[in-house]
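Fancy a few short exercises on reading a protein model? Grab your viewer and try each task before you look at the solution.

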Amino acid sequence: MVLVNRRKDGDSAHAHHHNLWRAVRRVQGQSGSVSEISVRVQMFRFWLRRLRQLGGPPGLLSARSARSFSGSAPELPAARVRSTFLEFFRQRHGHLLVPSSPVRPRGDPSLLFVNAGMNQFKPVFLGTVDPRSAMASYRRVVNSQKCVRAGGKHNDLEDVGRDVYHHTFFEMLGNWSFGDYFKEEACSMAWNLLTEHYGIPADRLYVSYFAGDAASGLSADEETRQIWLDIGVPPSRLLPFGLKENFWEMGESGPCGPCTEIHYDHDGGRDAAKLVNADSPDVVEIWNLVFIQYNRETDHSLRLLPRFSVDTGMGLERLVSVLQGKRSNYDTDLFTPLLHAIHQMSKVGAYRGLTGAADQRKVDMAYRVVADHIRTLSVCIADGIHPGMSGAELVLRRILRRAVRFCVEVLRAPPGALASLVPTVTHTLGDMYPELHTEVDRIMDIINENEAHFLSSLQQGSRLIHRTLNKMDHKHGVFPAPVVCSLHRDLGFPLDLVDLMLEERGVRVDRQELDRLIAENHKVASELRSGDLSHLMLDVISLAELQRLSVPHTDDSLKYQYRQEGEQYVFPQCSATVLALYDGQTLVSEVTQGQRCGVILDRTCFYSEQGGQSHDQGYFTRDGLQDVLFPVEHVVVAGGYVVHQVTATELLQTGDQLHLHLNQGHRWSCMVRHTATHLLNFALKTVLGSSVHQRGSHVSADRLRFDFTVKGSLSVSQLQQVEKCVNDIVSANQIVYSQELPLQTARSIRGLRTVDEVYPDPVRVVAVAVPVSELLDNGTDRQTSVELCCGTHLLKTGAIEDLVIVSERQMIKGISRIIAVTGQEATRAREAGQVLSEDVDSLAARLKDSTHYSFDSAQRFAKEIGVLSDTVDTTPIPQWQRRELQHRLRALQRSSNTAVRKLETREAAGNAQALLEKNGRKVLLVDSLETDSLSVVMKTVNQVSALSPLSFVMLLAHQRHSGKVLCACQVPKDANSLPASDWALAVCCHLGGSAGGTAVVAKGTGSSSDITEALRWAEEFARQKTQR
């Protein structure tokens, strides 16, 4: 990199500054005609911009002096590209450098991931930022934001690998102005950075601007066009586009405005205007400057904002490809170290950058998929998002599995290869995002663990797909939807991976049939969860028949025979023989495909639903037919026989040898929550006393429910104490002991917790921290959790990680129900609670600062309090925090309602005075009001009637946001000829609405686009009735 001679350049710049200022002063000091002055103003703007471009603190990179686009100069490294951007705005233009937020959105349920630089600044744009927070003081901000676009509205996952520019993870460079500079400064800074500091030739750049939209009542953004012309952009390179390309909106409502985009022509030396916004890989957008000047109202109208802002975004990956002279982002130094590392671990040739038909074996696509996905996985896991079964976690699981498949099947890399790339990611991104350095070992462990689990599923699923393909008639090219559904449901095989595998063979799935089957499975699963689906329970005759045939009881001891190796739980393998089949009415010797039945085996590792714990999930395979899955829908126990409910996918007969495949993730989740339930039981007794008794519980893979006796709802302090008691035991990572004992012996244990049910003899005892033998010997005075329980439990409490009570309420007098979550769900609940707490703080502060209410602002505050109250009521957050926030919001609501009522009364008084001045105290007063509030209409009617008690008064108002007509009326107390309720009902029915009230006062609503006609009709109706 060629360094600039600072002193010489500085002297030259100083001299040039002096000359420029003299020229500017001459322009400012001259007088002349309007047109002459206009020309001089433009000259002044030009010289001022030139002056700004030449200034700046010493040492800031001037890329034009360091490199060119001829290809002879050294490439500008990506890290330098990023730092140049940040330092340009920080040093030269006084912007505050704000760190990237994590890619897990905080308190924004509309997003799976942070997908744009502006996400963390939403509270500033929306005006909801806490005035006491640092963010409230932001005026000029710059940052590089970690972004993920996979799942949801912005989803690039399926495109990644197919081309050379799509990514799931990318960095967004951005600068913001919150009520500070606007269009002129934003455009000038952007052009200056690109052409002067990065050295991009101006003749390679094109600029688009908003062309206006007649339907929306928006004129063209001529101001921005003129700014670009003043900067020096030729008119032929200034291109107008419509709403889709050049008008940015945050959502259905909220801040929005026109934008201007800067596009780069990779080829140069031509007129490429027609290729702008034409999806050409040769002409690409590099920077979007959004001018936020409107607010989109709920009725879709636009209103100017009181404070204008600027939001710009430029993808680092694309910018680096431009500055390094590459057509592909994957050819830049952001990706080449990863591609080299992938080559080292694979058994294929080096990356060549091929796409489409040229990439016949999809090798280069695999390189790109793995390089992109390992960056996404590393960043997400470092920020606390782990592969899982719902939301962002499910998307990350799909990303991981897609990367694993390409690693194994295309790149022929060994297991563990994907995780081995994490240090390379850390090397390229860790200096900017240091959390990658601190979390590198954990990231690798999580990737390896998930990869191992998927590889076994992938192997089995691939065999099933190939076996089915070999049996198919390829003339039709349609793959059986039931096979795909089974893969997805029972092996967790991603549907997009199935599509990719079939695409390679020129086969497709009957998507309509597949969607129907998936919907049907969801319905069955929902019915199973709610208990609506009937289970195949052995009746007394079938049980007697089993005993007569001497069929032994099922040995289910394997359900307890698991062990812990490091952080992992290892569950036993299990093979079994089919001893009996039950079709719902009688025992049968065989069942055929599609038939629902109960399968009784000689042994099982599946846990049957009992003791409040959900049954295990999984599937069977049959000897000689390993790739055909028999999904287990339900597991119950009756008379010592464990009945596995399945719907046969092939012929199944007594005597068949089966292999049982347990859904280990589901079992482990149930174990976590069952052990947590025991700790909760113990904590409730510790905090509330021995009068607490369990009255029921239920443990599933996602949450736990616990019913207990207590006089009233728990206080905030009690809820906090219970949570702390549980989490202290969790943090201590106590050992969980279990032992089978004679029932009478077990009942002698001091502190034993039992419920009112019949226990088997012998019975299983589960204790925390103290071995059961010590409890029997009375060798300890230590208070601990000890219960009779047939469920499956953790071996140590630490795996619970965290417990949060998200609901506690009295079901009936004297019995409360707690719902609690653990692990990541608990973390999310605490994060959501913190966000809502900050929202309430912000709202309270804004209400306190709003000393001079307008009626509209008071109504908006009242509505905002209501919306926030609903969110607090329904969002899973710590229950103690919900109670505190509800209490605060009720107080805010009371203050707001009082303010609204006062303002309504004041507005009604003014309205009444104006109406009487306009109409006088005539007997029949029918008129309109400008208000959106029915309450104001009603109060105005009351005040007019109070001042003119002999008048028949009706007022109508057109509600702007809904289009409704608001109606209120009042008549003299002794006016028998026209009751108010009849008058209001007649008018509102005429307007297609309804009304109600008394003989004296009434109100209602209707709909009409012509309020004048409605007033005329109302007055005529009253005249006929009163004959006035």
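Below are four exercises on this predicted model, each with a worked solution.

**Exercise 1.** Work out which residues gather in a patch of positive charge on the surface, and decide whether Lys 347 is buried or exposed.

*Solution.* Start with the members: the patch brings together Lys 347, Arg 352, Arg 361 and Arg 412. Next, put Lys 347 on the chain. You'll find Lys 347 in the loop that links α10 (336-345) and α11 (363-382). Last, check the cover. Exposed means over 50% relative accessible area, and Lys 347 comes in at 59%, so it counts as exposed.

**Exercise 2.** Find out how many residues of strand β14 (residues 574-582) are buried, and what that says about its surroundings.

*Solution.* The cut-off you need for buried is under 20% relative accessible area. Run along β14 with that in hand: seven of its nine residues are buried, so the rest of the structure largely encloses this strand.

**Exercise 3.** Identify the strands that β14 pairs with, including β22, β17 and β15, and give a residue pair for each.

*Solution.* Take the partners one at a time.

- Step one is β22 (residues 657-662): four bridges tie this strand to β14, and the two run antiparallel. For a pair to click on, Ala 576 has Leu 658 in β22 as its bridge partner.
- Step two is β17 (residues 596-601), again antiparallel to β14 and joined by four bridges. Here Tyr 582 sits opposite Gly 598.
- Step three is β15 (residues 587-588), where two bridges hold an antiparallel pairing with β14. Look for Leu 581 across from Val 588.

To finish, check the turn. The hairpin of β14 and β15 has four residues between the strands, and Gly 584 takes a positive phi near 105 degrees there.

**Exercise 4.** Glycine isn't the answer this time: track down Lys 362 and Ser 550 on your Ramachandran plot, then say where each one lies and how exposed each one is.

*Solution.* Begin with the backbone. Lys 362 isn't a glycine, yet its phi is positive, about 60 degrees. Ser 550 is another non-glycine with a positive phi of about 60 degrees.

Now the locations. Lys 362 belongs to the loop between α10 and α11. Ser 550 is in the loop between α19 (540-548) and β12 (563-565).

Finally, accessibility. Lys 362 has 31% relative accessibility, so it counts as partly exposed. Ser 550 has a relative accessible area of 58%, so it goes down as exposed.

Conventions. Residues are numbered from 1 along each chain as its sequence is written. This is a predicted model: local features need pLDDT of at least 70, side-chain atom pairs count only at pLDDT 80 or more; totals for chains, interfaces and linings use all residues. Side-chain values use heavy atoms; hydrogens and water are left out. Patches are made of residues with over 30% relative accessible area and no salt bridge: like charges are joined within 9 Å, nonpolar side chains (Val, Leu, Ile, Met, Phe, Trp, Tyr) within 5 Å. Accessible areas come from the Shrake-Rupley method with a 1.4 Å probe; for residues, only the protein chains shown count as cover. A salt bridge is a side-chain nitrogen of Lys or Arg within 4 Å of a carboxyl oxygen of Asp or Glu. Lys and Arg count as positive and Asp and Glu as negative; His and the chain ends are not counted. The place of a charge is taken as NZ of Lys, CZ of Arg, CG of Asp or CD of Glu. Buried means under 20% relative accessible area, exposed over 50%, partly exposed in between (1.4 Å probe, protein chains only). Two strands pair if DSSP finds at least two bridges between them.
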